[in-house]
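Trainee: I would like to go through this model with you, one question at a time. Please show me the sequence and the fold, and then we can begin.

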Amino acid sequence: MIYWLAPVRRTRLIGCGEPLRTVAAIAAGLAPLVVIGLIPTSAGALPLYARQTGQPCATCHTTFWELTPFGRRFKLGGYILDGGDWTGPPFAVTLQSPTYTHTEAGQPGGAAPHFGPNNNFAFQQVSLFTGGRFTDNLGAFIQGTYDGVFRSFAWDNTDIRFAKPIKFDDHTLLWGVDTNNSPTVQDVWNTTPVWSFPFISSELAPTPTAKTFIDLVYAQQVVGLTGYAFLDDLFYLEFGGYRPLSNDTQKALGINPTGQSPINGVAPYWRVAVEPNFGNHSWEVGTFGLVSKVFPNGQSGAGTDSFTDIGIDTQYQYLGDPHTVTARVAWIHENHNTSASQTLGLADNSNNQLRFLNATLSYIYDKTWSFTGGRMSIGGTPDATLYGTFTGSPNSANWISEIAYLPFMRGGPSFWPWLNARIGLQYIRWDKFDGASTNFNGAGRNAHANNTIFGYVWIAF
């Protein structure tokens, strides 16, 4: 079964042409759904991926939902591979329910509206997916999500791509054009922000204040267009850019634009990687990045801030039977010119830096049991006004461990062979939170108070 899943991640086009661009953006966003509704399913064009390909989950995933080399090539190839005989509706559904969140100390005032300080059960999310093969070279992944914690519906990860292979001499070049709504949503390695571990997180657990701009800050607020090429199944290159969606467009798609720092112009994005495969081994090394000029908090009177995010990543996979191992490391350095924010009284410094590390190691036994441990840290220049933390520091760090049971990776039960599920238990231990190990909020709360146990059931069908 082939799914790419992520929680809903929550900058505007300015000028006299705004209403026209708003209508055009909405039309562009809805056009794929209209096309899907008009194409007859008897043509075999749009069952979702597992039903479309006739393959079990384990063909494209090491776990629900980390990708294998085959799965990465399916996505790069435009989601068009067929082989199945499904003629039903071109939709899939995922449920994150029930979930349970316990923190070492309760959160004063409640973990979220309508929830208590601790020991919360939640219907966290339900997502509806459509996409798959439209034509011989055009396919998509389209997701909409209802957030059961914050009781809202919005469009979610969207990736539409045209791909075509070319053969010349002894070489093969797969090239494509991709449009999407979040930097790195189009990426195929599980190291970049949208698809990195943890694959599911509690919406009711505390999270640090600071994060790099490429790390989901723009998710669902932008539209991007990139071109890519994959040479000889080895060298990958991608380049393009992102523009903000207008406030009206975002509202129409369920996104609240309040407090956003919209991009000024186009934000260039790049991705370069090399991935040799030898026997049961696969090893990727690459870089990615985003350069953005933004109006801080939407205020244009003082000019723009600028963000330069540069990431370096590597991923190793051993795909054996019954043993599978995946090691993932990503490091992001962000240089943030905050001169406009300083002028507006939104920052103390004229320049800040952030450094982010996410390193994890997973072992999967018999495609059924997954064990993962990892380390996350973020640190950088202190700026009390910018981050709003009691310490003024953005530094946070944790250890994470997870065990997950995956009963249907080789195929679901006879009554519904496309069913998949992930049943897991996570533990997150915070060494430092918002700049300190003790009294990080000025009210006596220590970092360990945010240690979290998160249990979940994640079902896809």
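**Salt bridges, cores and backbone**

Trainee: Which residue forms a salt bridge with Arg271, the closest N and O atoms being 2.9 Å apart?

Mentor: Good place to start, in a model that is predicted. A salt bridge here is a side-chain nitrogen of Lys or Arg within 4 Å of a carboxyl oxygen of Asp or Glu. At 2.9 Å between the closest N and O atoms, the acidic partner of Arg271 is Asp313.

Trainee: How many residues apart in sequence are the parts that this pair ties together?

Mentor: Helices (H or I, at least four residues) and strands (E, at least two) are DSSP runs numbered from the N terminus. Arg271 lies in strand β9 and Asp313 in strand β12 (residues 305-319), so the parts that they tie together are separated in sequence by 42 residues.

Trainee: In this predicted model, what pLDDT do side-chain atom pairs need to count?

Mentor: Residues are numbered from 1 along each chain as its sequence is written, and side-chain values use heavy atoms, with hydrogens and water left out. Totals for chains, interfaces and linings use all residues of the predicted model, local features need pLDDT of at least 70, and side-chain atom pairs count only at pLDDT 80 or more.

Trainee: Which residue forms a salt bridge with Arg271 at 2.8 Å?

Mentor: This partner lies in the loop between β6 (171-180) and β7 (222-231), and Arg271 is in strand β9, so the pair ties together parts that are 84 residues apart in sequence. With 2.8 Å between the closest N and O atoms, the partner is Asp187.

Trainee: Is Arg271 buried or exposed, and what is its relative accessible area?

Mentor: Buried means under 20% relative accessible area, exposed over 50%, and partly exposed in between (1.4 Å probe, protein chains only). Asp187 counts as buried at 1%, and Asp313 is buried too. Arg271 is buried, with a relative accessible area of 0%.

Trainee: Where is Asp82, which is in a salt bridge with Arg133?

Mentor: The two side chains meet at 3.7 Å, N to O. Arg133 is buried at 17%, whereas Asp82 counts as partly exposed at 43%. Arg133 is in strand β3 (residues 125-133), and 51 residues away in the chain, Asp82 is in the loop between α4 (69-76) and β1 (91-103).

Trainee: Why is α4 largely enclosed by the rest of the structure, and how many of its residues are buried?

Mentor: Among the buried residues of this helix are Arg72 and Arg73, which are linked with Asp233 and Glu275 in a network of salt bridges. α4 is largely enclosed because its eight residues include a buried set of seven.

Trainee: Which element gives the most to the largest nonpolar core?

Mentor: A nonpolar core is a set of buried Ala, Val, Leu, Ile, Met, Phe, Trp, Tyr and Cys residues joined through side-chain atoms within 4.5 Å. The largest one has 45 residues, and Phe64, Tyr218, Leu290 and Trp458 touch the most other members. Elements giving two or more residues include β9, β11 (281-294) and β14 (351-365). With four residues, the top contributor is β18.

Trainee: Which strand supplies the largest share of the nonpolar patch?

Mentor: Patches use residues with over 30% relative accessible area and no salt bridge, joining like charges within 9 Å and nonpolar side chains (Val, Leu, Ile, Met, Phe, Trp, Tyr) within 5 Å. This patch covers about 760 Å², by the Shrake-Rupley method with a 1.4 Å probe, and Ile423 is one of its residues. Ile423 is partly exposed at 37%. With three residues, the largest share comes from β17.

Trainee: Which residue follows Phe197 through a cis peptide bond?

Mentor: Most peptide bonds are trans. Here omega is about 5 degrees, and the proline lies in the loop between β6 and β7. The residue joined to Phe197 is Pro198.

Trainee: What is the phi of His114?

Mentor: Most residues other than glycine have a negative phi. His114 lies in the loop between β1 and β2 (120-122) and counts as exposed at 61%. Although His114 is not a glycine, its phi is positive, about 75 degrees.
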